[in-house]
Amino acid sequence: MPWVLWIPATVALALVVLPVVGLLARSDLTRFPSLVTSDASLQALRLSLVTAALSTVICVLLGVPLAVVLARSRLRGIRVLRAVVLLPLVLPPVVGGLALLYLLGRKGFLGYLLNVVAGVQVPFTAGAVVIAQTFVAMPFLVVSLEGALRNSGDRYEQVASTLGARPWTVFRRVTVPLLLPALGSGVVLSFARALGEFGATITFAGSLEGVTRTLPLEVYQQAEVDVDSAVALALLLIVVAILVIALARPRALEGVRS
Amino acid sequence: MSLDAEIELVRGSFELTVEFHVPAGSVLAILGPNGSGKSSILGSLSGLLSPRRARIVLAGTVLQDDSVDLPAHARAIGLLSQDPLLFPHLSALENVGFAPRSRGASRRRAREIARDWLAEVDALELADRKPSQLSGGQAQRVAVARALAGEPDLLLLDEPFAALDVDSAPAIRGLLRRVLRAQRERATVLVTHDPLDALALADHVLVLANGQVVEYGPTREVLSTPRTAFTARIAGLNLITGFAAEDGLRTSGGYLVAGIPADDVVHGEPAVAVFEPSAVAIYSQGYPGSPRNTADAVVGSLEPHGPVIRVRASSEGWANGLTADLTPAAVAELGLEPGSPITLSIKATSVAVHPAVSAGPSPTTTLNGDTSRHG
């Protein structure tokens, strides 16, 4: 490795670490406990954890099959689909929120249908928060799983089928167990992404205290009213993020097979 | 449980056409260099690969024809490849029990079957280990048990020793020899590039080159009396093409190679002279004895071949491409290196002359002729 790489590498590291240091320097640690235990803060924290956990579960239930289909199907259009899945990853979240609004909003075609047939209104509910978070977090899970599937190839699955295992047995007894390490990192990434989701949420679900105002939205709200409180909540988000990484072990985050 | 197969495959510009029959309880070896289409045949038999056209009948059941195409899991096959491919998340015992489980055995029954098969391959003590805790040879042993535990009607072996080190390959070869001989029901197809595997395990051998069958017959017969330079090279034998003469073979250049003609050789008809590399002696200072079967050449290449060094000669005449096996000491003593002038001498009593279908001067022309012996 040429030593010159250390220079840009240090700058990059500083870019990641220094803002957090800046935040710490600005914060008033004596008021921290009272600020983060206010009703509004706790409510936002609870809402964030519950919705992010729910979206992660949905990401797993829908994302695992999607990743397997994308990695294993030999259909012609599958390469196009692979690119489509990346859309929420490259789309500005606000645009995603708007798109969701015009699909599921009162005037959107699916939202209209839901409203007329079932009397359900999706936007500006906790459900909308979960949908917005799932929308932005799903690609993280699918991409990490699909990469793992394509790297490991389908040789184990082929052997399993020559041993008489039907496709469903192969999926259950070979594909999924081999996918677990990658699933671990995928779950952490998508949970973290769901937890930090802001743009799509505020556009599609609004910022209703106790219903759709998650922690990031609360931080944004407080930043205009009470900067100390915003900084304290930001620290709280950082703590949660560090906890997530620590729990998931760096190995899982790097997608290394255990 | 005999197997009948006709397979036609296309992969890009590569085309393969084969047809063969494997009787119950026997082993067919498919020999050929890399890229000759060997593994594609196994892929088609197992159902993992879709040939352009195929008719595969196993034990009276049509696995594939124009209207039927059974998926791999419904084909009653077992596959063993060069990589053991044991499921990394399962113990050795669970790996071996996988096929019985998949075919409907209870958990307990599958464990019993797996134990029996692990005992059969002398690997019972490895039962609780994970694949990452096994050596290459141990893993392949477990993989043999796993492939057999489903009691397949057709066993497919894809270069099963290619990835093993020199110590474990003979042990696994011996193990397979034992388990294959132990039953008289199953048909087995072995794909290999090593004639030793075929000699050790197979009743019949099919030699494949560029997607075509160039020879097909009983193993010993095909490998000891190859009719094409191609098979001879695979079998590690020397082969010279020409026409049968009174006491040997006359090359297209007119040289008489002295040898012992087989009973079915007809004077003046196309024939081949075959002899082992160990029958070729090399001298650096001219040959001291009688001049029969000698030729001047230069050393083309030197390569290790087991305990000996195989010298490939290069010359303008009939001796071009002949190989001789020398001990490393002899190579050192003669001071051989590529380009060294040498004289080759072949003992006439070691040269067997067999009839050939065509007497082409080069392997390519020999290959184009229809040289298959059966079917």
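## Two chains, term by term

Mentor: Reading chain A from its N terminus, the elements go α-α-α-α-α-α-α-α-α-α-α-α-α. This is a predicted model, where local features need pLDDT of at least 70 and side-chain atom pairs pLDDT 80 or more, while totals for chains, interfaces and linings use all residues. Residues are numbered from 1 along each chain as its sequence is written, and chains are lettered from A and ligands numbered from 1 in the order in which they are written.

Trainee: What makes something a helix or a strand here, and how many of each does chain A have?

Mentor: Both are DSSP runs numbered from the N terminus: H or I over at least four residues for a helix, E over at least two for a strand. By that count chain A has 13 helices and 0 strands. Its C-alpha atoms fill a box of roughly 65 × 65 × 30 Å along the principal axes.

Trainee: Let's pick on one residue. Why is Arg155(A) called exposed?

Mentor: Count C-beta atoms, placed from the backbone, within 10 Å of the residue's own: 20 or more others means buried, 12 or fewer exposed, and anything in between partly exposed. Arg155(A) has 12 others, so it counts as exposed. You'll find Arg155(A) in helix α9 (residues 155-162) of chain A.

Trainee: And how much of chain A is buried?

Mentor: Of its 258 residues, 38% count as buried.

Trainee: How do you know whether α1(A) is covered or not?

Mentor: Go through its 21 residues and the number of buried ones comes to 0, so with the burial cut-off in hand we call the helix hardly covered. Leu15(A) belongs to α1; with 9 other C-beta atoms within 10 Å, Leu15(A) is exposed.

Trainee: What span would you expect for α1(A), and what does the model give?

Mentor: The expected span is 1.5 Å times one less than the number of residues. For α1(A), residues 6-26, that comes to 30 Å, and the helix reaches 29 Å from first C-alpha to last, close to the expectation.

Trainee: Where is the kink in α1(A)?

Mentor: At Leu15(A), shortly before the proline Pro19(A), with a bend of about 30°. The bend is the angle between two fitted axes, one for the seven residues ending at that position and one for the seven starting there.

Trainee: What makes Phe124(A) stand out?

Mentor: Most residues other than glycine have a negative phi. Phe124(A) is not a glycine, yet its phi is positive, about 60°. Phe124(A) sits in the loop between α7 (109-118) and α8 (126-152) of chain A. With 17 C-beta neighbours inside 10 Å, Phe124(A) is partly exposed.

Trainee: What is the phi of Asn210(B)?

Mentor: Near 50°, again positive in a residue other than glycine. Asn210(B) lies in the loop between β9 and β10 (212-218) of chain B, and its 16 C-beta neighbours inside 10 Å put it in the partly exposed class.

Trainee: Staying in chain B, how many residues of β3(B) are buried?

Mentor: 5 of its 5 residues, 27-31, so the strand is mostly covered by the burial cut-off. Val27(B), Ala29(B) and Leu31(B) are buried on one side, and Leu28(B) and Ile30(B) on the other.

Trainee: How do you know which strands pair with β3(B)?

Mentor: DSSP has to find at least two bridges between two strands. β3(B) has 5 bridges to β8 (residues 187-192) of chain B, running parallel, so that pair qualifies under the two-bridge rule. There are also 4 bridges to β9 (residues 204-209) of chain B, again parallel. Val27(B) stands opposite Thr188(B) in β8(B), and Leu28(B) has His204(B) in β9(B) as its bridge partner.

Trainee: What makes a set of residues a nonpolar core?

Mentor: The members are buried Ala, Val, Leu, Ile, Met, Phe, Trp, Tyr and Cys residues, joined through C-beta atoms within 7 Å. The largest such core has 116 residues, and Ala29(B), Leu118(B), Ala145(B) and Leu344(B) have the most contacts inside it. Helix α5 (residues 136-149) of chain B gives the most to this core, 8 residues. A second, separate core of 39 residues includes Leu100(A) and Val188(A).

Trainee: Finally, how many residues does each chain give to the contact?

Mentor: Chain B gives 16 and chain A gives 14, where residues are in contact if their C-beta atoms, placed from the backbone, lie within 7 Å. On the chain B side, β6 (77-81) and α3 (98-102) are the elements giving two or more residues.

Technical notes:
Two residues are in contact if their C-beta atoms, placed from the backbone, lie within 7 Å.
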